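Work through the exercises below with the structure open. Each task is followed by a solution in steps.

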There are 2 protein chains.
Amino acid sequence: MMGVSVGKAVEGRKGEHAVRIGELSRRTGVSVPTIKFYVREGLLPAGELTSPNQASYGETHVQRLRLIRALLDVGGMSVAAIRDVIVAVEDPERSMHKVLGVTANRLVPRYEREPDTVIEEARKSVAELVAARGWHAYPENPAGEALAAALAALDDVGHGGFVEILDAYADAAEKVARADMDYVAHHVAREALVESAVVGTVLGDAIFAALRRLAHVDASNRVFGGPADRE
Amino acid sequence: MMGVSVGKAVEGRKGEHAVRIGELSRRTGVSVPTIKFYVREGLLPAGELTSPNQASYGETHVQRLRLIRALLDVGGMSVAAIRDVIVAVEDPERSMHKVLGVTANRLVPRYEREPDTVIEEARKSVAELVAARGWHAYPENPAGEALAAALAALDDVGHGGFVEILDAYADAAEKVARADMDYVAHHVAREALVESAVVGTVLGDAIFAALRRLAHVDASNRVFGGPADRE
């Protein structure tokens, strides 16, 4: 799908088709100052020096820039959060769980809450849900804690009754997680597993949220009449 | 669920049970400097002056502080984004669609992308999905655009095949949206509809994301063996 012709190409050391920074900018739509900023911030490896003041960039840089823009523009992550995730992805000691843990922690600010009856009740609801579903997961893992925090916040603002529809949410989440796993099994090479899991976690959330909004617009238009989403 | 006793209470003008700022802080767990910051930033109405240097706060302030903390801590919204949403909620000219539009726009940074074949293909996929589902919604509304942007970003990083599982996501989103509407019909008073819709949109996303993570942990443990989420 790359319609842009690659000019000013130079041959990189490993025979990789290498380009200068201006061409990297044109190919990815990321401005030269922004590319330099990402290098300084540790999100993007520096180019290979071909002369004292000229560096060349390869396919790795193109792919990394697309990953950064996807997490930044669509995922809504901060530059600092993306750096932490990239460091985790590049860690040779990484496990899938560890990288996804870092991603999840950087997506949502950690919610420190004083222990009270509201959060205790919410944790109990989460433990009951996990047990009833037969999920092989500890309810006190970061996702379980995030769920309890969200339920407690709903209770705080007068929506404790939300737990009644939690099962419908859990059904939907199981369906989506199964689809995610099918996708990974059919489309993702083993060495791309960790990076794909990060992308899928972040963009999958964005996709589901957008679809939920569309389904709300549909429901709202059916109830209140008339296509009002152009308002 | 409020176990804290309300001391130093003073009677507000409208007979409302009013408290001083220190007590408001104790009741909500939000520090006094933070409460003052929210007032300065326009997130929280000022207290009612009972003397030149003493103000009193009522139940409205308690509820507003809980709303702010829910959107901030669990929803991950910024202070500026919350202010925009609160201004929209308080606008007497507001329509539900307008308030939810502001909320959706402030949740995800607007993604300006040069027109190219990738985003055109993604928009086509969204239009086809909306038509196939019979959704009463314009595919080019903000949620449809957000969906197209996310699909295009996935394509950019080599996951164009994701559209194959979009139907499973849409099934799940319909299920969740139906549950949301049922909840609103049974639990939400008409005058609380707009604020509840904001809370439900933001926290519902957080809840679904947490459940999807839990379902991933379950699937991952079944495939790779052993409960590894304590790593």
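## Exercise 1: The contact between the chains

Task: State how many residues each chain brings to the contact, and how much area is buried.

Solution. The model is predicted. Chain B contributes 92 residues to the contact and chain A contributes 93 residues. Next comes the area: together chain B and chain A bury about 8500 Å², with 70% of it on carbon and sulfur atoms. The size of an interface is often expressed in this way, as the accessible area lost when the parts come together.

## Exercise 2: Charged and polar pairs

Task: Count the salt bridges between chain B and chain A, give one example, and then describe the side of chain B that touches chain A.

Solution. Six salt bridges are counted between chain B and chain A. One of them joins A:R212 to B:D180, where the closest N and O atoms are 3.0 Å apart. This separation falls within the 4 Å cut-off for a salt bridge. For polar contacts across the interface, the rule finds 22 residue pairs, both residues being at pLDDT 80 or more.

Now look at what chain B supplies. Helices 3 (59–74), 5 (96–107), 6 (117–133), 7 (142–156), 8 (166–187) and 9 (193–224) of chain B each give at least two residues to the side that touches chain A. Helix 9 of chain B gives the most, with 26 residues. By type, the residues on this side of chain B are 55 nonpolar, 18 polar and 19 charged.

## Exercise 3: How the copies are related

Task: Which operation lays chain B on chain A, and what kind of axis does it imply?

Solution. A turn of 180 degrees with a shift of 0.0 Å along the axis lays chain B on chain A, with an RMSD of 0.0 Å. The two copies are therefore related as by a two-fold rotation axis. The same surface serves both copies, since 100% of the contact residues of chain B recur in chain A. Within chain B, B:A172 comes closest to the rotation axis, its C-alpha lying at 2.2 Å.

## Exercise 4: Two residues

Task: Is B:A153 buried or exposed? Decide the same for A:H61, and list the contacts of both residues.

Solution. B:A153 lies in helix 7 of chain B. Its relative accessibility is 1%, so B:A153 counts as buried, the cut-off being under 20%. Leaving out residues up to four places away in sequence, B:A153 touches A:A70, A:V74, A:L203 and B:R113. B:A153 is also 9.4 Å from B:A122, C-alpha to C-alpha, with their positions 31 residues apart in sequence.

A:H61 belongs to helix 3 (residues 59–74) of chain A. With a relative accessible area of 9%, A:H61 is buried too. Beyond its neighbours within four places in sequence, A:H61 is in contact with A:L24, A:L44, A:P45, A:A46 and A:G47. A polar atom of the A:H61 side chain lies 3.1 Å from the backbone oxygen of A:P45.

## Exercise 5: The fold of chain A

Task: Give the helices and strands of chain A in order, and then examine helix 1.

Solution. Chain A has nine helices and four strands. Along the sequence they follow the pattern β-β-α-α-β-β-α-α-α-α-α-α-α. Of the 231 residues in chain A, 47% are buried.

In helix 1 (residues 21–28) of chain A, the buried residues are A:E23, A:L24, A:S25, A:R27 and A:T28. Their cover includes helix 2 (32–40) and helix 3 of chain A. After helix 1 of chain A comes A:G29, with a positive phi near 75 degrees.

Key: Residues numbered from 1 in each chain as written. Chains lettered and ligands numbered in written order. Heavy atoms only, no water. Contact = heavy atoms within 4.5 Å. Buried area = accessible area lost by both parts, 1.4 Å probe. Salt bridge = Lys/Arg side-chain N within 4 Å of Asp/Glu carboxyl O. Polar contact = N/O pair within 3.5 Å; in protein donor to acceptor, adjacent residues only side chain to side chain. Nonpolar A, V, L, I, M, F, W, Y, C, P; charged D, E, K, R; others polar. Buried < 20%, exposed > 50% of the residue type's maximum accessible area, 1.4 Å probe, protein only. Least-squares fit on C-alpha atoms with pLDDT ≥ 70 in both.
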